[in-house]
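Colleague: Could you walk me through one part of this model, the ligand site? I'd like a close look at what surrounds the ligand.

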Amino acid sequence: MTPRVGSRIVSFGHHQPSKLLTNDQLTEMVDTSDEWIRSRTGIVTRHVAGDDETVAVMGVAAAEHALLTASVAPGDVDLVIVATTTAEQRSPNTAGMVSAALGMTAPAIIDVNVACSGFVHALALADMAIRAGSASQALVIGSELLTAFTDYTDRTTCVLTADGAGAVLVQGTDQPSVGPVAWGSKPSLAPAVRIAPPTDKFVQDGRAVYKWALGEGAAHARKALELAGIDAADVDVLCTHQANLRIIEPMAEQLGMTDRIVVTDVVESGNTSAASIPLGMSKWWHAGKVGGDQTALLFGFGGGFAYASMVVRTPALPL
Ligand SMILES: CC(C)(COP(=O)(O)OP(=O)(O)OC[C@H]1O[C@@H](n2cnc3c(N)ncnc32)[C@H](O)[C@@H]1OP(=O)(O)O)[C@@H](O)C(=O)NCCC(=O)NCCS
């Protein structure tokens with residue numbers, strides 16, 4: 001392996017469990033309404049994993065989809081990074097389980113736990129590894145089983161969370177289209193989003209996150225444009241963390257991007273934390289709603305309290 005100038009995304013892949021949880025079903029579980037959920041979050045449905053759909057199993061399915069789309073064999077991948085905050089076990093890590101299930105030869109295996117901004121962090125690390133010559137072809141996966149850490153008696157959180165996985169295949173190139181990452185965190189907000197003892201359930205200060213997102217979020221997202229040396233006018237696609245339509249739409253407005261393709265998969269998929277950006281991008285790219293060879297601004301934020309933004313070029317649409 002030799003160091004490369006940079007990397008590019010070759011394909012997207014995703015997996016969503018077939019089981020759906022609707023707003024109406026939630027009204028039978030907690031004191032809520034379809035109207036409240038739609039008007040405050042935009043969410044209409046969310047996918048919930050079946051008993052055999054673990055974080056690793058969903059990650060494998062998303063990775064296989066990306067590999068198949070690019071016609072690349074698992075043995076040709078030398079780095080697997082999985083962003084997840086809901087792994088079923090401590091060791092082996094999810095990347096190790098994914099690579100074993102895919103029958104890979106000798107990949108480096110890394111898990112990244114930065115909650116909802118995990119995928120953008122993971123993609124940045126893969127890009128750096130390729131630039132350094134430590135990898136030539138990487139699978140970067142976001143996979144989450146948030147429903148396993150959801151309290152279905154808490155109406156403030158159980159209407160939000162969902163399961164799923166998204167993946168990208170990244171290759172070294174001399175004409176890079178994965179831009180530099182702009183990342184950071186706000187330590188004073190660390191307690192705002194937690195999966196922690198004693199309950200080990202997802203809890204958040206929704207108001208604090210909302211306030212941060214619409215107060216400071218756009219400025220952090222713009223930093224990726226500066227690092228990539230482009231203007232907001234050059235962006236075709238905006239894909240922020242899929243937490244709430246009431247955050248995505250005003251943020252698009254703040255960024256001056258309401259007339260672009262704004263990914264709003266949260267409506268159909270709920271909040272899948274680290275999976276939400278690759279899941280939304282993959283679904284929309286495979287459906288032709290996001291085009292090939294378009295400039296996309298990705299912006300993840302959440303637990304930590306961490307954030308990361310990056311400009312990427314989408315690959316040509318699959319045939
Ligand atoms: C979670 C969120 C949708 C809550 O919306 P909100 O408008 O802030 O609502 P609040 O939490 O202030 O609650 C308002 C009222 O609605 C109630 N409520 C909360 N959830 C409800 C539900 N599912 N159904 C009906 N009422 C609900 C509250 O109990 C509260 O009632 P009260 O005024 O009688 O106390 C919103 O804060 C949000 O999206 N935050 C960002 C979350 C995020 O992006 N997280 C990312 C990290 S993963």
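**Around the ligand**

Modeller: Sure, here goes. The ligand has 21 residues around it, and those that come nearest are T32, R40, R155, R207 and N244; a residue counts as near if one of its heavy atoms lies within 4 Å of the molecule. Keep in mind that this is a predicted model, where local features need pLDDT of at least 70, side-chain atom pairs count only at pLDDT 80 or more, and totals for chains, interfaces and linings use all residues. Residues are numbered from 1 along each chain as its sequence is written, and side-chain values use heavy atoms, with hydrogens and water left out.

Now for the polar contacts, meaning pairs of N or O atoms within 3.5 Å. N244 puts a polar side-chain atom 2.5 Å from an oxygen atom of the ligand. T32 has a polar side-chain atom 2.6 Å from a ligand nitrogen atom. With G206 it's the backbone: an N or O atom there lies 2.9 Å from a nitrogen atom of the ligand. On its own the ligand would expose 960 Å², and the protein buries 75% of that (accessible areas by the Shrake-Rupley method with a 1.4 Å probe).

Who supplies the shell? Two or more residues each come from α2 (34-41), α6 (206-228) and α7 (245-254); helices here are DSSP runs of H or I, at least four residues, numbered from the N terminus. The largest share, four residues, is from α6. Sorted by class, the shell has eight nonpolar, eight polar and five charged residues, where Ala, Val, Leu, Ile, Met, Phe, Trp, Tyr, Cys and Pro count as nonpolar, Asp, Glu, Lys and Arg as charged, and the others, Gly among them, as polar.

As for the bigger picture, domain 1 (6-173) and domain 2 (182-313) both give residues to the shell, so the ligand lies between them; the domain bounds come from an automatic or database domain assignment.

How values were computed:
A polar contact is a pair of N or O atoms within 3.5 Å; within protein, one must be able to donate a hydrogen and the other to accept it, and residues adjacent in sequence count only if both atoms are side-chain atoms.
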